[in-house]
Amino acid sequence: GEPGAVVLVDLDRFKEVNDTLGHHAGDELLAVVADRLRSGLRPADTLARLGGDEFALILPRSDAAAVRGLLDELSADLAREVVLDGVPVSVEASFGVALYPEHGHEVEELLRRADAAMYHGKRGSSDIVVYAGENMAHPTQWLVVQAELRHALTRDELVLHYQPKVDLRSGEIVAVEALVRWQHPQRGLLPPSEFLPAVEQSGLIEPLTAWVLRRALADQAMWTATGRSWAVSVNVSARNLEKPGFTDFVSGLLAEHGTAPHRLLLEVTETALAADARCAAQAVIDLTARGIGISVDDFGTGYTSMSQLRGLPIAEVKIDRTFVRDVLDAPPSQAIVRAVIALAHGLGSRVTAEGVESPEVAGWLAQAGCDEAQGYLYSRPVPWREVGTYEIT
Ligand code: C2E
Ligand code: CA
Ligand code: CA
Ligand code: CA
């Protein structure tokens, strides 16, 4: 049929507006954006709201240059200041473009490709990007995942698996780490790498973390009732720590479940702590003041220096598995692991080694003074029923 373009429009920083000025201002902004988009269109064009802060345009135009011209105009128009509750706001947008018939025939396929193009633009610096082939596709289609995840959260499609942390001296399980998976109705059990990037990008990390915390604390209460006093570890992202009120939220959940704060550990990657040191560091201080434990995850992979951690009350440092893996035959990894253990102990933190897959590595770590270990040697992450049902040798 006729040639044309499918365009995906995503507002940059919409969430910021919504969070700082409130939903009312957010809704008003979306209405202004819809008006501005509509004003540039012809009767044969289509404008649709996709939910969140995304819009789709279907533009039947035979000339790709004309599409480009229109998008340049719309982009400039959108960037004009809007006054919301007396506050001047300018919100820019990213445009992803797929052309038909070149890039597909079905609207759904075209939207996926427009999405891939837009995502590409967001990582680069261009605000209007035309689809340029499969190399733009990223592991999981952002738009699709985003829409499906909203349902996943309400339909209980997420599940937690738990991986024990074992005390290297006693061989006992002392804690379990909650690791999220998505039981996808069509694609089966998905690992976090398949959907967490989309979660982070789409503002869903807050409800996801809230879900994980509730689930993990409920599961922990069951273990406690059957005499297993394991601490529970939950992974949190930098965005969670930056959100005002996070500490109160976590404290509230602990109170609801009757859980002592020191039995919860929040794992924060070293990179998250470094990314916005001031913000995250303050959250770490607030959480610790309430007795909640903080663990620095993937230690050694980021750019945090030990001196940056000096002022922070860190309960646990987790040595990244890339160092643990070859600790038997790589002197540099040995040196790093020994240094991390010494420094962490000097700061009063426990040390846990990730990714322990052999008894030989576990033995080396125990000799080096590492406190706890985690890895396939002891157990893969398993559903909560199965935790601790095997023998540790
Ligand atoms: P992580 O926190 O570093 O978790 C450890 C990862 O290593 C897990 O992958 C685990 O299954 C895997 N692993 C454990 N033992 C071994 C081993 O002996 N050998 C090897 N090769 N791998 C091992 P998983 O479950 O795919 O999780 C990946 C990452 O996703 C996690 O890395 C964490 O950063 C993130 N993540 C998982 N659940 C959550 C969550 O609920 N919230 C947030 N924000 N992030 C999460
Ligand atoms: Ca957005
Ligand atoms: Ca972790
Ligand atoms: Ca880790």
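Two residues are in contact if their C-beta atoms, placed from the backbone, lie within 7 Å. By that criterion, among contacts in the protein chain between residues at least 6 apart in sequence, 64% join residues at least 24 apart. The model is predicted. The protein chain has 393 residues, and buried residues make up 39% of them. Its secondary structure comprises 15 helices and 17 strands.

**Nonpolar cores**

- The largest nonpolar core has 55 residues. Val-232, Leu-266, Val-268 and Ile-319 have the most contacts inside it.
- Strand E9 (residues 173-184) supplies the largest share of this core, with 5 residues.
- Another core, of 37 residues, lies apart from it. Its members include Phe-55, Ala-56, Ala-93 and Ala-117.
- In soluble globular proteins, nonpolar side chains tend to be buried together.
- Leaving aside residues up to four places away in sequence, Val-232 touches Ala-175, Val-176, Ala-178, Ala-216, Gln-220, Arg-263 and Leu-264.

**Surroundings of ligand 1**

- The shell around ligand 1 holds 22 residues. The closest are Val-180, Pro-192, Asn-235, Gly-375 and Tyr-376.
- Four elements give two or more residues each to this shell: E9, helix H6 (192-201), strand E11 (231-236) and strand E13 (293-299).
- H6 gives the largest share of the shell, 3 residues.
- Sorted by class, the shell has 10 nonpolar, 6 polar and 6 charged residues.

**Strand E6 and its partners**

- Strand E6 spans residues 93-100, and 8 of its 8 residues are buried.
- Both faces of E6 are covered. One side carries Ala-93, Phe-95, Val-97 and Leu-99. The other carries Ser-94, Gly-96, Ala-98 and Tyr-100.
- E6 pairs with strand E1 (residues 4-11) in the antiparallel sense, over 8 bridges. Within this pairing, Tyr-100 is the bridge partner of Gly-4.
- E6 also pairs with strand E7 (residues 128-130), here in the parallel sense and over 3 bridges. Gly-96 stands opposite Val-129 in E7.
- The peptide bond from Tyr-100 to Pro-101 is cis, with omega near 10 degrees. Pro-101 sits in the loop between E6 and helix H4 (107-123).

**Strand E15 and its partners**

- Both faces of E15 are covered. Arg-350 and Thr-352 are buried on one side, Val-351 and Ala-353 on the other.
- Strand E14 (residues 316-319) pairs with E15 in the parallel sense, over 4 bridges. Ile-319 stands opposite Ala-353 in E15. Ile-319 is also one of the residues with the most contacts inside the largest nonpolar core.
- E15 and E16 run parallel and are joined by 2 bridges. Thr-352 stands opposite Glu-372 in E16.

**Helix H15**

- Helix H15 covers residues 359-368, and its buried residues are Val-361, Ala-362 and Leu-365.
- Seen down the axis of H15, these buried residues fall within an arc of 100 degrees, so they line one face of the helix.
- An α-helix has 3.6 residues a turn, so residues three or four places apart point the same way.
- The face of H15 turned away from the buried side carries the exposed residues Pro-359, Glu-360, Gly-363 and Gln-367.
- The buried residues of H15 pack against helix H13 (321-325), strand E15 (350-353) and strand E16 (372-373).
- Gly-369, just after H15, takes a positive phi of about 95 degrees.

**Positive phi at two aspartates**

- Asp-85 is not a glycine, yet has a positive phi of about 50 degrees. Asp-85 is found in the loop between strand E4 (82-84) and strand E5 (87-89).
- Asp-85 counts as exposed because it has 10 C-beta neighbours inside 10 Å, and the cut-off for exposed is 12 or fewer.
- Asp-298, likewise not a glycine, has a positive phi of about 55 degrees. Asp-298 is found in strand E13, one of the elements that give two or more residues to the shell around ligand 1.
- Asp-298 is partly exposed, with 18 other C-beta atoms within 10 Å.

Conventions
Residues are numbered from 1 along each chain as its sequence is written. Chains are lettered from A and ligands numbered from 1 in the order in which they are written. This is a predicted model: local features need pLDDT of at least 70, side-chain atom pairs count only at pLDDT 80 or more; totals for chains, interfaces and linings use all residues. A residue is buried if 20 or more other C-beta atoms lie within 10 Å of its own, exposed if 12 or fewer, and partly exposed in between; C-beta atoms are placed from the backbone. Two strands pair if DSSP finds at least two bridges between them. A nonpolar core is a set of buried Ala, Val, Leu, Ile, Met, Phe, Trp, Tyr and Cys residues joined through C-beta atoms within 7 Å. A residue is near a molecule or strand if its C-beta atom, placed from the backbone, lies within 6 Å of it. Ala, Val, Leu, Ile, Met, Phe, Trp, Tyr, Cys and Pro count as nonpolar, Asp, Glu, Lys and Arg as charged, and the others, Gly among them, as polar. The arc is that of the directions from the helix axis to the C-beta atoms.
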